[in-house]
Structure formats: C-alpha cells, structure tokens
Amino acid sequence: MTTSEPRADLRPPGLNADEKTTLLTFLDYLRESVLAKAEGVPEPAVRTAGVPSGTSLLQLLKHLAAVELNWFVWAYAGADRPTWEDEATVCADDTASGLADAYREAIVRANEVVLACTDLDRPGARSLRETPPPSMRWVLVHMIEETARHAGHADILREQIDGSIGR
C-alpha cells in the first residue's frame, strides 16, 4: 500500500439560501465527495471489494447512480420505464470513468427534476417503498442521508487502498 498526500479537507458549503438551494448544495457536496474518492484509483483496486459485503468504489458509483435515477426520475417525476437496478454487481466491462460519467449523468437528470420542482411539499408520482409518494423535501433529505452514508464507505475504502484521506 502506498500513501498519497492527503486531499484537502473540503468543509461543507457555507451559504444562507432558501431551503431547496441549501438541500441541493449539500447533496452536490456529498456527490462530489464520492466521485473524488474513486478518482485516480487504479485497476483492480477500484473494483476490489474492501469489506466482506462486497462493497467496492465502483459498486458505490453504480449503486448511487441508480438510486438517484430511481428516486428523482422514476419515483418523483414518474418516468415511464422500469426502475434502474440499484443492487447490480460491477461487470468486467464497467470502468471507473464510465461509472463516474454515469453517476454524473444521473446527477444532472436528478437535479433537473429538483430544479423544476416549485413546491418541496408536493408528493412525487410514486414511491419506491410501500408508502404514499414522498415529497421532494423527503427525497432530498433521504438522498443526502444515502449519499453521506456511502461517502463514508468510500472514505474507508480509499484509505484501505492507498492511505488517502480527506474529502
């Protein structure tokens, strides 16, 4: 294992804005943290599971891209298509750059849905759970929680790979 220079510890964004802007800014901050943790990790380390559950940096990117699309595009916006597979395994054809690009594209699509929403209390088209469709506020807070949890996983995986620390 080689230890790289610590990445600058980026603090959470500082702003005093409306609720939607604040929530989306924190979510974007966490999304960038996950992407940064996978950046520059060579094969096969980027796809190698760092824990018994099978979690790897590539698996986290693939999972988070699907979760973004499922909650914002399928559930909230009501896209007329099946849900994305959010527990898919990483395939031999999956690459770090390809999955990072797919995650970035999912983020763009998700943010379009968020930005089009004029009322955070309005429920979406449907739910991924056996509950009534949640509000945009709930989806944003849930995605902050989901992404933060996986950003922590990515922190640990990256430190195990090359000793890199920091956000």
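Where is Pro44 found? Pro44 lies in the loop between helix 1 and helix 2. The legends below cover this predicted model, from the whole chain down to single residues.

**Figure 1. Overview of the four-helix chain.** The predicted model holds four helices and zero strands. Read along the sequence, the pattern is α-α-α-α. The radius of gyration is 16 Å, close to the 15 Å that the globule rule gives for 167 residues, so the chain is as compact as a globular protein of that length. Along the principal axes, the C-alpha atoms fill a box of roughly 50 × 40 × 25 Å. Of the 167 residues, 43% count as buried. Among contacts with a separation of 6 or more, 73% join residues 24 or more positions apart.

**Figure 2. Packing of helix 1 against helix 2.** Helix 1 spans residues 19-38 and helix 2 spans residues 57-76. The two pack at an angle of about 155°, with their axes 9 Å apart. An angle over 145 degrees counts as roughly antiparallel, and therefore helix 1 is roughly antiparallel to helix 2. The crossing of the two helices is left-handed.

**Figure 3. Residues at the contact of helix 1 with helix 2.** Helix 1 contributes Leu27, Arg31, Val34, Leu35, Lys37 and Ala38. Helix 2 contributes Leu57, Leu61, Leu64, Glu68 and Phe72. By class, the contact has eight nonpolar residues, no polar ones and three charged ones. Arg31 and Lys37 of helix 1 take part. So does Glu68 of helix 2.

**Figure 4. The cis peptide bond at Pro44.** The bond from Glu43 to Pro44 is cis. Its omega is near -5°. Pro44 belongs to the loop between helix 1 and helix 2.

**Figure 5. Surroundings of Ala154 in helix 4.** Helix 4 covers residues 136-162 and includes Ala154. Is Ala154 buried or exposed? Ala154 counts as buried, because its relative accessibility is 0% and the cut-off for buried is under 20%. Leaving aside neighbours within four places in sequence, Ala154 is in contact with Lys37, Leu57 and Leu60. Lys37 and Leu57 also appear in the contact between helix 1 and helix 2.

**Figure 6. Ala154 and Gly50.** These two residues are 104 residues apart along the chain. Their C-alpha atoms are separated by 9.8 Å. Ala154 sits in helix 4.

Conventions: Residues numbered from 1 in each chain as written. Predicted model: local features only at pLDDT ≥ 70, side-chain atom pairs only at ≥ 80, totals over all residues. Heavy atoms only, no water. Axes fitted to C-alpha atoms, helices over the stretch in contact; angles between N-to-C directions. Parallel < 35°, antiparallel > 145°, perpendicular 65-115°, else oblique. Left-handed = near helix turned anticlockwise from the far one by under 90°. Contact = heavy atoms within 4.5 Å. Nonpolar A, V, L, I, M, F, W, Y, C, P; charged D, E, K, R; others polar. Rg over C-alpha atoms; globule rule 2.2 N^0.38 Å. Buried < 20%, exposed > 50% of the residue type's maximum accessible area, 1.4 Å probe, protein only.
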